[in-house]
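Please explain how the helices of this structure pack, what surrounds its ligand, and where its backbone takes up unusual conformations.

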Amino acid sequence: MRVAVIGAGVAGLVCAHRLGEAGHRCDVYERWPGLGGQAATIDVGGHLLERYYHHLFTSDRHITDLYAELGMPEELEWRPSSMAFFLEGRSWPFTTPMHLLRFGPLSPPSRIRMGLAVLRLQKTARDVAPFERMTARDWIRRAMGAQAYEKVWGPLLRGKFGDRADDISMAWLWGKLTMRRKLEGKEARQELLGYPRRSWEPLFGVLGDRIEAAGGRVLVDRPAARLARDGDGFAVLPAAPGSFRRGHDPAAFEPAGETERYDAVVATVPNDVFLGLLDPDLAGAIGRPYLARLESIEYHTALCLLLELDRRFGEYYWTNIADPELPFVGLIEHTNFVEPERYGGRRFLYVANYLDPADELLGLSADELLERYTPGLRKVNPAFDASWVRNRWLHREPAAQPIVTVGYPERIPPLDTGVPGLVLANTTQIYPEDRGTNYAVRLGGDAARELLKSR
Ligand SMILES: Cc1cc2nc3c(=O)[nH]c(=O)nc-3n(C[C@H](O)[C@H](O)[C@H](O)COP(=O)(O)OP(=O)(O)OC[C@H]3O[C@@H](n4cnc5c(N)ncnc54)[C@H](O)[C@@H]3O)c2cc1C
């Protein structure tokens, strides 16, 4: 088959690689002038670094297996990490059970209750089903107490889901708490996180080479502008290079070049982008019920300011901001995880936010945002001064976080769109786990299998 894969994120690259292994030729269309999608890197002065902070958990088997399978297991390094909560005017370390016992913002009985509730969940709650019909808020208040919700979990959920925080399904938190790190065993004292020693880029390069070796093409800065039926196959209309500057809506792209015909298509783009690509006849063939599922899922936008600093900002790799007065939700100091020597002594801090698509912060430039964030950064580190900033990069990802409310599983679009030969695979289908590169690897393989089943 000749297959068009739309999107060269992890899912698209893995899917095209798997199809290539099965003897099919794939053209991968990508809007961004680089590979990797949400895990794409930028050049930060002779070194590659992800636009958005990235690490792996020790439970991320699909991606570690892929590194091994591609003959590059030594790329992955596992490093100790450090995490803190910022609230009540200071950062509280929060990496070990001992940190929980010393966590000042909660009363001593609340600390114990919270720790026991997590342990009990990790030990006994094997199945997500009982958690699908309740909100995380209700479960936390019942199992851990109101204080744990007010001080810790409520601010965290608000940070990620804004005013939808109280509606988030317990299934989402179940995934976070049970599938990653356990509070007991080898990692109880020091969490290990993974990072590829030369960034995620070598993985994308090797996948791209494999796709091309199987007779395919990897077309970066070459988005799809339109997708239509063509007999029992499909027609992809490509858009002009530079279209990424016009945003994410394919309707805003200028078509360029010949329409290409394919036997099958795998789209790995977000729901709204997929809807925007569809020719009315193809949308009709997919049918209202499927399209309605796509329309029913909301996303929050990631707004990520990456700062190069001339010195260390704080003590921790990851600081969750639980103080509602601060206008950002996380500080991720990459060079407190990977040593700055890797980057010729440069230091990098991500200032993270997840926002409603209408939030006014999304309209600010990097400098305006830095100005807006500076008082908050000073609250965390009173010595901070804007003169520490040597360079800054700002990225926005509109489809960064699907909003997983109660009843979400009924809205998840199946991989099979109902039109033979047309598969959709994106982060909204990662459930009950929270989306991540590990699950994008799994999804890419699932999408290839789904396509081969239908053709
Ligand atoms: C702020 C942030 C932090 C994260 N941190 C982590 C982490 O620590 N660890 C982790 O494992 N994961 C992390 N993730 C999540 C992870 O990056 C994603 O889950 C994963 O990369 C998704 O892969 P994907 O291929 O499904 O989607 P995407 O990466 O979104 O790929 C979709 C691709 O489609 C392209 N596209 C869009 N429109 C078109 C078009 N019209 N034509 C052609 N192509 C198009 C996009 O440019 C993109 O490359 C993070 C994500 C964000 C936003």
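**Helix packing, ligand surroundings and backbone**

Helices H5 and H6 are roughly antiparallel to each other, because the angle between them is over 145 degrees. That angle is about 150° in this predicted model, and the two axes lie 8 Å apart. H5 comprises residues 136-143, and H6 comprises residues 146-161. The helices cross with a right-handed sense. On the H5 side, the contact is formed by Ala136, Arg137, Ile140 and Arg141; on the H6 side, these residues meet Ala146, Tyr149, Glu150, Trp153 and Leu157. Sorted by class, the contact contains 6 nonpolar and 3 charged residues, with no polar ones.

A second helix pair is formed by H1 (residues 10-21) and H8 (residues 201-213). Their packing angle is about 35°, and their axes are 9 Å apart. The crossing of H1 with H8 is left-handed. From H1, the residues Val10, Leu13, Val14, Ala16 and His17 take part, and they meet Phe204, Leu207, Arg210 and Ile211 of H8. This contact has 7 nonpolar residues, 1 polar residue and 1 charged residue.

Attention now turns to the ligand. How many residues surround the ligand, and which are the closest? There are 30 surrounding residues, and the closest are Glu30, Gln38, His54, His55 and Thr437. For glutamate 30, an N or O atom of the side chain is 2.5 Å from an oxygen atom of the ligand. The backbone also takes part in contacts with the ligand: a polar backbone atom of arginine 31 is 3.3 Å from a ligand nitrogen atom. In tyrosine 53, a backbone N or O atom is placed 3.0 Å from a nitrogen atom of the ligand.

Several loops contain backbone features that deserve notice. The peptide bond between tyrosine 431 and proline 432 is cis, with omega at about 5°. Proline 432 belongs to the loop that runs between strand S20 (422-424) and helix H13 (437-454). Thr437, one of the residues closest to the ligand, is numbered within the range of H13.

Where does glutamate 88 lie? Glutamate 88 is in the loop between strand S7 (83-87) and strand S8 (90-93). Its phi is near 55°, a positive value in a residue that is not glycine. Serine 199, likewise not a glycine, has a positive phi of about 75°. The loop that holds serine 199 connects strand S9 (192-196) with H8, the helix that packs with H1.

How values were computed
Residues numbered from 1 in each chain as written. Predicted model: local features only at pLDDT ≥ 70, side-chain atom pairs only at ≥ 80, totals over all residues. Heavy atoms only, no water. Axes fitted to C-alpha atoms, helices over the stretch in contact; angles between N-to-C directions. Helix = DSSP H or I, 4+ residues; strand = E, 2+ residues; numbered from the N terminus. Parallel < 35°, antiparallel > 145°, perpendicular 65-115°, else oblique. Left-handed = near helix turned anticlockwise from the far one by under 90°. Contact = heavy atoms within 4.5 Å. Nonpolar A, V, L, I, M, F, W, Y, C, P; charged D, E, K, R; others polar. Near = heavy atom within 4 Å. Polar contact = N/O pair within 3.5 Å; in protein donor to acceptor, adjacent residues only side chain to side chain.
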